[in-house]
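Grab your viewer and work through a few exercises with me. Try each task yourself before reading its solution.

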Amino acid sequence: MDPALLQKYPSLKKFQELGDDYWKDGRETKLLDWIYARPDLEQLRNNPAAICAAMDDFAAQHDFLINIGPDKARPVVDMINTNKPRTFVEMGGYVGYSAIAFGHALRSTGVEGVRLWSLEFSPLFAAITMNLVDLAGLSDVVKVVTGAAADSVRRLVREGRLERIDMLFLDHVEDLYHEDLQVCEQLGLLKSGACIVADNVLRPGAPKYREYVNASSTLETKVTKGLIVPGDFEDEVWFSQVK
Ligand SMILES: C[S@@+](CC[C@H](N)C(=O)[O-])C[C@H]1O[C@@H](n2cnc3c(N)ncnc32)[C@H](O)[C@@H]1O
């Protein structure tokens, strides 16, 4: 790896050494301990931007995290500001970076009753997200649901807690993007004007999703280039609007 990149992002060295096992070392709980041990903890409280910046710092200096990161989060925040969604569903919450960044953006639109459902498979990651969302002062906006995203969507609909999705963020397992989008389509959750955002379409890559979206007659899609940070690796975020 480029030595300049390793200097900019020391965490990449460990990432390189651990290979595919990079996520099996408990770094997510370490992140939580690290945040609560920070001398500036009081400045992080109720401060979503500062918490995301702290997570960026941890990911660059200590352990690589699979958050969307600041570069790719920006166009999604811009889309939230433009579309002003009331109900946002994310598939794949991890440790809460996107839930905090987008939950804050949703609340800042001033739209009444905004809600971000963060659907996360791992109970541990979901618990970390709940904690950091609370630290960010966003528990009234962000609701974390533990379980496989498609099952959670079906259950929320059955329980009458989810009637429509104005913005759907796919960031869980690339091979499931098209299937889980179809679940939302079949449940009639995505009305005209709804927006679907898919991360990591280029890297690691979502070929089945690309094929599905490109073949769809009801979706109009735009591709935005972005960087995976740490690492500055090129990626694409796809934005599709329901016609
Ligand atoms: C790339 S991370 C999400 C990053 C997060 N959106 C962010 O930007 O901060 C992917 C997450 O999806 C979760 N996941 C995997 N399969 C899932 C599924 N079927 N349903 C929900 N979450 C899933 C993983 O446990 C992991 O935490």
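The exercises below use this predicted model.

**Exercise 1. Work out which residues surround the ligand and which elements supply them.**

Start with the head count: 21 residues surround the ligand. Now pick out the closest ones, which are Ile68, Gly92, Tyr97, Ser98 and Phe121. Next, go up to the level of secondary structure. Strand E1 (87-91), helix H7 (97-108) and strand E2 (115-120) each supply at least two residues of the shell. Finally, sort the shell by class: 12 residues are nonpolar, 6 are polar and 3 are charged.

**Exercise 2. Find how E1 and E2 pair, and decide whether E2 is enclosed or open.**

First, the direction: E1 and E2 pair in the parallel sense, over 5 bridges. To see one pairing in your viewer, select Thr87, whose bridge partner in E2 is Arg115. Then check burial, where a residue needs 20 or more other C-beta atoms within 10 Å of its own to count as buried. In E2, 5 of the 6 residues are buried, so this strand is largely enclosed by the rest of the structure.

**Exercise 3. Describe the hairpin of E6 and E7.**

Begin with the strands themselves. E6 covers residues 219-228, E7 covers residues 233-242, and the two run antiparallel. They are joined by 10 bridges. Move to the end of E6, where Ile228 has Phe233 of E7 as its bridge partner. Between the strands sit 4 residues. In this hairpin, Gly231 takes a positive phi near 120°.

**Exercise 4. Characterise the contact of domain 1 with domain 2.**

Set the bounds first: domain 1 spans 3-61 and domain 2 spans 69-194. Their centres, taken over C-alpha atoms, are 23 Å apart. The contact takes 11 residues from domain 1 and 16 residues from domain 2. On the domain 1 side, helix H3 (27-36) and helix H5 (48-61) each supply at least two residues. H5 gives the largest share of that side, with 5 residues. By class, the side of domain 1 that touches domain 2 has 7 nonpolar, 1 polar and 3 charged residues.

**Exercise 5. Locate the largest nonpolar core and trace the contacts of Val197.**

This core has 69 residues, and those with the most contacts inside it are Ile100, Val197 and Ala198. Where does it lie relative to the two domains? Domain 1 and domain 2 both give residues to the core, so it lies between them. As background, nonpolar side chains in soluble globular proteins tend to be buried together. Now zoom in on Val197 and skip its neighbours within four places in sequence. What's left in contact with Val197 is Val76, Met79, Met167, Phe169, Leu170, Val237 and Phe239.

**Exercise 6. Are Arg27 and Arg45 buried or partly exposed?**

Take Arg27, which lies in helix H3. Arg27 has 20 C-beta neighbours inside 10 Å, so it counts as buried. As a distance check, Arg27 and Ala59 are 32 residues apart along the chain, and their C-alpha atoms are separated by 9.7 Å.

Then take Arg45, found in the loop between helix H4 (41-44) and H5. Arg45 counts as partly exposed because it has 13 C-beta neighbours inside 10 Å. For its distance check, use Met79: Arg45 and Met79 are 34 residues apart in sequence and 26 Å apart in space, C-alpha to C-alpha.

Methods
Residues are numbered from 1 along each chain as its sequence is written. This is a predicted model: local features need pLDDT of at least 70, side-chain atom pairs count only at pLDDT 80 or more; totals for chains, interfaces and linings use all residues. A residue is near a molecule or strand if its C-beta atom, placed from the backbone, lies within 6 Å of it. Ala, Val, Leu, Ile, Met, Phe, Trp, Tyr, Cys and Pro count as nonpolar, Asp, Glu, Lys and Arg as charged, and the others, Gly among them, as polar. Two strands pair if DSSP finds at least two bridges between them. Domain bounds come from an automatic or database domain assignment. Two residues are in contact if their C-beta atoms, placed from the backbone, lie within 7 Å. A residue is buried if 20 or more other C-beta atoms lie within 10 Å of its own, exposed if 12 or fewer, and partly exposed in between; C-beta atoms are placed from the backbone. A nonpolar core is a set of buried Ala, Val, Leu, Ile, Met, Phe, Trp, Tyr and Cys residues joined through C-beta atoms within 7 Å.
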